Amino acid sequence: MQNLQIELLQLLQQDCRMPLEKLAVMLGQPLETIAAMIEDMEKRGIILRYSPVINWDKTDRERVEAMIEVRVTPQRDEGFDAIAKRIYRFDEVKSVYLMSGAYDLLLLVEAHSLKELAYFVSTKLSVLETVTGTATHFVLKRYKSDGVIFEGDAQDKRLAVNP
Amino acid sequence: MDYSHYWNPNIAAVPKSGIRKFFDIVQTMPGAISLGVGEPDFVTPYHIRNAAIDSLLDGETQYTSNWGKLSLRNEIAYYLQHRYSLTYDPQKEILVTVGASEGIDLALRALLNPGDEVLVPEPSYVSYRPGVVFAGGVPVPIKTDAARNFVLTPEELEASIGPRTKALILPYPNNPTGAVIGREALQKLRDVIVRHDLLVVSDEIYSELSYGEEDHVSIASLPEMWERTVYLNGFSKAFAMTGWRVGYLCAPAQLMDVIVKIHQYTIMCASTQGQVAAEEALRQGREDHYADVETMRRSYDHRRRLMFNAFREMGLSCFEPLGAFYVFPGIEKTGLSSEEFCEKLLRQKEVACVPGTAFGACGEGHIRCCYATALDKLDIALKRIADFVHAL
């Protein structure tokens, strides 16, 4: 059952628009089983959202992204959770990770312009009382994200017919 | 110049491969989707490719031992022991070959005297029959059919044995049918094989791609069969390494003494980087329980179910394949021959399949479709085939 769940999740991760009927056939299970499993995983927060992987660079949308390393002072009883929560509530912040190593939190931040991003760091992030330091790294190019390669050929190099 | 006085008439008489024609037509159709391939759609896992690159950078550009690198043979011995309970001595019972194809040729040439007969269950891979002819033998096809899951039965085997029969080629898991053979069926065949004192050339290149409840069983692991078996396997299908051309042949040392001579004098050794890559595939597999293989196998399995289900929904008979990466649906009810069906399908709907007859006359009434193809393409191809079938 556990294997089946993982296989189902992997298929959904590849294509979350795959019809239930097709998932059921591919996994060799009755449709009802697959439907119930998905519903259960949605309820339990295993599946949070169904969203496409987008290459924004191919659109007209103006957008800058940065990875920001943040050093913070953990708080009594709350550890890092409270400060992480204060940070992730900003709309600009797309991802937050607690890290081992030289800094504490790693943020992926997105804004419409460089100016807007600078404004976020200087007036919203750095001023938080528990934040002791930040280092901002701008994303220049995205090669691969969520397991998807953004550029390069996925061409089938095989001969069309062979024995 | 007329060469007909020069060439060997036995070889000249071997028919050209039946799939060439389809290949030529597909080449002219850029929009065609091909289900006619016979290899994985995965690229060789990156760590394996990387091992070969490192070896090149290190200047490992020399011959290896005729037998193949000992470190690779050690890995093969470990793999066969742990995966299939087969015990072969890496020093004198494992030979690294240029794909399992070379293994077929070596086995047949080493075993056959002129006129010796070799039994070939069909439909099966296109090289067996020509291989027997090239070795001076006489191929004797044994028909298998969907009604018996394309598995060779002991009765049919026994009925095909004559005074000149020397060996049986055992091609399971099977290309093109996707049939597998289980322990029970193998045991029944074994009784006949032992009683008639035959040898078996067991081509188990698809052994990792088995999808049934029962794990793959090698005939060489049955009592009294190890000494009667020439075991063939390779890296092409399991590790998506077709272009590297690395396989291996295992046989009892006495037999190997003869087999290795042909390899020694004609091939010298398999390509060094191919061997390095193969060793990496097995070394990593030993550590992570063959995770690469399992990931690919699972992906094929999903597509396998999709394919045979789709053919059944089209109203065609389709035996459930439990091995390799092919389905072999029956198309008799369309009233077309295999070849007509494939040619019309290709010209009208731009989907390439291989007629069953390419794998032996008894493949008539079937087509081979490979499901090692991207899911979105499979969907389109299946839709086109369904449209084609319903319009007939």
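This tour goes from chain B, to the place where chains A and B meet, and then to the domains of chain A, in what is a predicted model.

Begin by selecting chain B and showing it as a cartoon, where 13 helices and 12 strands can be followed. Its radius of gyration is 21 Å, close to the 21 Å that the globule rule gives for 392 residues, so chain B is as compact as a globular protein of that length. If you turn the chain along its principal axes, the C-alpha atoms fill a box of roughly 60 × 55 × 55 Å. Colouring chain B by burial would bring out the buried residues, which make up 52% of the 392 residues. Among the contacts in chain B with a separation of 6 or more, 74% are accounted for by residues 24 or more positions apart.

Next, bring chain A into view and select the residues where the two chains touch: 13 residues of chain A are in contact with 21 residues of chain B. On the chain A side, the elements that give two or more residues are helix 1 (2-14) and helix 2 (20-27), and helix 2 of chain A gives the most, with 4 residues. Colouring this side of chain A by residue class shows 7 nonpolar, 2 polar and 4 charged residues.

Finally, stay with chain A and colour its two parts separately, selecting 2-43 for domain 1 and 56-141 for domain 2. How many Å separate the centres of domain 1 and domain 2 of chain A? Taken over C-alpha atoms, the centres of these domains are separated by 35 Å.

Methods:
Residues are numbered from 1 along each chain as its sequence is written. Chains are lettered from A and ligands numbered from 1 in the order in which they are written. This is a predicted model: local features need pLDDT of at least 70, side-chain atom pairs count only at pLDDT 80 or more; totals for chains, interfaces and linings use all residues. The radius of gyration is taken over C-alpha atoms; the globule rule is 2.2 Å times the number of residues to the power 0.38. A residue is buried if 20 or more other C-beta atoms lie within 10 Å of its own, exposed if 12 or fewer, and partly exposed in between; C-beta atoms are placed from the backbone. Two residues are in contact if their C-beta atoms, placed from the backbone, lie within 7 Å. Ala, Val, Leu, Ile, Met, Phe, Trp, Tyr, Cys and Pro count as nonpolar, Asp, Glu, Lys and Arg as charged, and the others, Gly among them, as polar. Domain bounds come from an automatic or database domain assignment.
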